[in-house]
Amino acid sequence: MELYEALKRAAGQQAPALAKYMRAAGISGWQDLDKSHLFDLRDAITEGVASSSAHTYFAVLKAFLGRYEESEPICQEYR
């Protein structure tokens, strides 16, 4: 399954914003979900939104990664 399609299905209302920040961090596919890109994503989110919104995005992102961690090639160090 394509990354952004899976994100749209799993993240609900937060999907458009998460997709925006993922693109800003250089994440275009599952293979880009490595430690370096996840740090870039964290930086993009924390610089772009309020702290409370960032916490919400991180919770949604963590659930999303957990859902696909065994079926897609993603970093296992996100927890």
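**A chat about a predicted four-helix model**

Visitor: Which is Pro 73, buried or exposed?

Guide: Pro 73 counts as exposed, because its relative accessibility is 52%, and the cut-off for that class is over 50%. Please keep in mind that this is a predicted model.

Visitor: And where does Pro 73 lie?

Guide: Pro 73 belongs to the segment that comes after α4.

Visitor: What does Pro 73 touch, leaving out residues up to four places away in sequence?

Guide: With those sequence neighbours set aside, Pro 73 is in contact with Trp 30 and Gln 31. As for Ser 28, which is 45 residues from Pro 73 along the chain, the C-alpha atoms of the two are separated by 13 Å.

Visitor: Stepping back, how many helices and strands are there?

Guide: The protein has four helices and zero strands, so that, read along the sequence, the pattern is α-α-α-α.

Visitor: What about the nonpolar core, which residues have the most contacts inside the largest one?

Guide: The largest nonpolar core holds 27 residues, and Leu 7, Leu 33, Leu 41 and Phe 64 are those with the most contacts within it. At least two residues of this core come from each of α1 (3-11), α2 (15-24), α3 (35-48) and α4 (51-68). The largest share, seven residues, is supplied by α4.

Visitor: Staying with α2, which of its residues are buried?

Guide: In α2 the buried residues are Ala 15, Ala 17, Leu 18, Ala 19, Tyr 21 and Met 22. Helices α1, α3 and α4 are among the elements that cover them.

Visitor: What follows α2?

Guide: Gly 26 follows α2, and its phi is positive, near 85 degrees.

Visitor: Now Arg 9, is that one buried or exposed, and where is it found?

Guide: Arg 9 is found in helix α1, and it is classed as exposed because its relative accessible area is 58%, where the class begins over 50%. The C-alpha atoms of Arg 9 and Phe 64 are separated by 9.7 Å, although the two residues are 55 residues apart along the chain.

Visitor: What is the relative accessible area of Lys 62, then?

Guide: For Lys 62, which has its place in helix α4, the relative accessible area is 44%, so this residue is partly exposed, a class that runs between 20% and 50%. Lys 62 and Leu 7 are also 55 residues apart along the chain, with their C-alpha atoms separated by 12 Å.

Visitor: Changing topic, why does the radius of gyration agree with a compact globule?

Guide: The radius of gyration of the protein is 11 Å, and a compact globule with 79 residues would have one near 12 Å, so the two values agree. Taken along the principal axes, the box that the C-alpha atoms fill is roughly 30 × 25 × 20 Å.

Visitor: How many of the contacts with a separation of 6 or more are between residues 24 or more positions apart?

Guide: Residues 24 or more positions apart account for 53% of those contacts. On burial, 43% of the 79 residues count as buried.

Visitor: What about the surface, how much area does the protein expose?

Guide: The protein exposes about 4,700 Å², of which carbon and sulfur atoms supply 48%.

Visitor: Last one, how many positive and negative charges are there?

Guide: There are 9 positive and 11 negative charges in the protein, and the mean positions of the two sets are 7 Å apart.

Conventions: Residues numbered from 1 in each chain as written. Predicted model: local features only at pLDDT ≥ 70, side-chain atom pairs only at ≥ 80, totals over all residues. Heavy atoms only, no water. Core = buried A, V, L, I, M, F, W, Y, C linked by side-chain atoms within 4.5 Å. Buried < 20%, exposed > 50% of the residue type's maximum accessible area, 1.4 Å probe, protein only. Rg over C-alpha atoms; globule rule 2.2 N^0.38 Å. Contact = heavy atoms within 4.5 Å. Areas by Shrake-Rupley, 256 points an atom, 1.4 Å probe, with all protein chains shown as cover. Lys, Arg positive; Asp, Glu negative; His and termini not counted. Charge placed at Lys NZ, Arg CZ, Asp CG, Glu CD.
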